[in-house]
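Please open the model in a viewer and keep the selection tool at hand. The tour below proceeds by selections, one after another.

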Amino acid sequence: MAADAQDTTFGGGPEHVAIIMDGNGRWAQSRGRPRLFGHHAGARRVRDIVNACPDLGVKYLTIFAFSTENWKRTQAEVSGLMALFRRYIVREARALHDEGVRVRFIGDRIRLDEKLVAMMDELELLTSGNDRVHLTIALNYGGRDEVTRAAKRLAYEIEQGRLTHKDVDAETLSRFLDTHVLPDPDLVIRTSGEARISNFLLWQSAYAEYEFVDTLWPDFTPEEFARVCDGYARRDRRFGAVKA
Ligand code: IPE
Ligand code: IPE
Ligand code: MG
């Protein structure tokens, strides 16, 4: 959604929260355990946060699980994470569906293993009729990569004569993004004390509010989530306008 189309009057909690779930490695290391131990603990946290959404009025939750840059990690960590994603889908599919969660994945699937992609497709299909909470999992996702892929598809449409350069505006480009069916995030939370966005939802977060918390992701509780959402409700979003 274009920022200038948004309502500048405001109140209430965020409808769409995006979370950069950071700090799993440090959480494990501080316990003298391998990094993957932290990733497993982090994956277990997701369920509590998803389940907290309806009471907080959060309709859309988008979580950053693996970035286009995370392939730079050791082969052991990358393959451990990929195995964890497969396990997460197997273990959580039923509970997510029973809770009325609609699951979507964003990111480039091309580099992901075929079996994992098939499982992602299946979970999307299984939950496609749900509407209580919309959970979007960013897997092999990078904001620059997403915009680049969108631009490539847009260029292809022009090449095929279905669009012309005159059709290219923010609204048209948005339609080619992985997130085309989602509203823009209202609030982006990053755990673990790092104040950067690491290539997450670059386009969509143009007017998002940011909250950086020191808590490491495996320690992030629904109570803290509720506090952060509450803090958001007291912010004044202006979208570039001046309040009357
Ligand atoms: C976030 O935790 C999870 C992923 C990036 C997959 P990290 O693995 O980045 O944990 P830290 O930042 O090293 O503590
Ligand atoms: C961002 O965290 C990606 C995810 C949470 C999946 P990173 O730990 O990869 O980001 P940097 O390297 O600290 O910027
Ligand atoms: Mg990190």
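How many of the six residues of strand β3 (residues 101-106) are buried? Select the strand in this predicted model: five of its six residues are buried, and β3 is thus described as mostly covered. Next, add strand β4 (residues 133-141) to the selection. The two strands run parallel and are joined by six bridges. To inspect one of the pairings, display R102 of β3 together with H134, its bridge partner in β4.

**The whole chain**

Now select everything. The chain holds seven helices and six strands. Followed from the N terminus, the elements come in the order β-α-α-β-α-β-α-β-α-α-β-β-α. The C-alpha trace extends over about 55 × 45 × 35 Å along its principal axes. For 244 residues, a compact globule would be expected to have a radius of gyration near 18 Å, and the value for the chain, 18 Å, agrees with this. Of these 244 residues, 48% count as buried. Among contacts with a separation of 6 or more, 76% are between residues that lie 24 or more positions apart.

**The largest nonpolar core**

Which residues touch the most other members of the largest nonpolar core? Select V17, I19, L61, L135, I189 and F225, which hold that place among its 45 residues. Then colour helix α3 (residues 75-98), which contributes nine residues to this core, the most of any element. Apart from this core lies another, of ten residues; A18, I106, F200 and L201 are among them.

Return to F225 and show its surroundings. Beyond its neighbours within four places in sequence, F225 is in contact with V17, I19, I49, A52, C53, L56, V58, L61, I189 and F220.

**Helix α7**

Select residues 222-233, the twelve residues of helix α7. At 1.5 Å a residue they should span 16 Å, and the end C-alpha atoms are 17 Å apart, which agrees. Within this helix, E224, F225, V228, C229 and Y232 are buried. Where do these buried residues fall when the view is down the axis of α7? They lie within an arc of 140°, so they line one face of the helix. Turn the view to the face directed away from the buried side, and the exposed residues E223 and R227 are found there.

To see what the buried residues of α7 pack against, display β1 (16-20), α2 (35-56), β2 (60-67), β5 (187-190) and β6 (209-212).

**Two exposed positions**

Move on to G240, in the segment after α7. Is this residue buried or exposed? Its relative accessibility is 64%; because exposed means over 50%, G240 counts as exposed. Draw a distance from G240 to Y207: the two are 33 residues apart in sequence, and their C-alpha atoms are 9.1 Å apart in space.

Finally, select T74, in the loop between β2 and α3. With 52% relative accessibility, T74 also counts as exposed. Draw a second distance, from T74 to G107. These residues are 33 positions apart in sequence, and 21 Å separates them in space, C-alpha to C-alpha.

Notes. Residues are numbered from 1 along each chain as its sequence is written. Chains are lettered from A and ligands numbered from 1 in the order in which they are written. This is a predicted model: local features need pLDDT of at least 70, side-chain atom pairs count only at pLDDT 80 or more; totals for chains, interfaces and linings use all residues. Side-chain values use heavy atoms; hydrogens and water are left out. A nonpolar core is a set of buried Ala, Val, Leu, Ile, Met, Phe, Trp, Tyr and Cys residues joined through side-chain atoms within 4.5 Å. Buried means under 20% relative accessible area, exposed over 50%, partly exposed in between (1.4 Å probe, protein chains only). Helices (H or I, at least four residues) and strands (E, at least two) are DSSP runs, numbered from the N terminus. Contact means heavy atoms within 4.5 Å. The expected span of a helix is 1.5 Å times one less than its number of residues. The arc is that of the directions from the helix axis to the C-beta atoms. Two strands pair if DSSP finds at least two bridges between them. The radius of gyration is taken over C-alpha atoms; the globule rule is 2.2 Å times the number of residues to the power 0.38.
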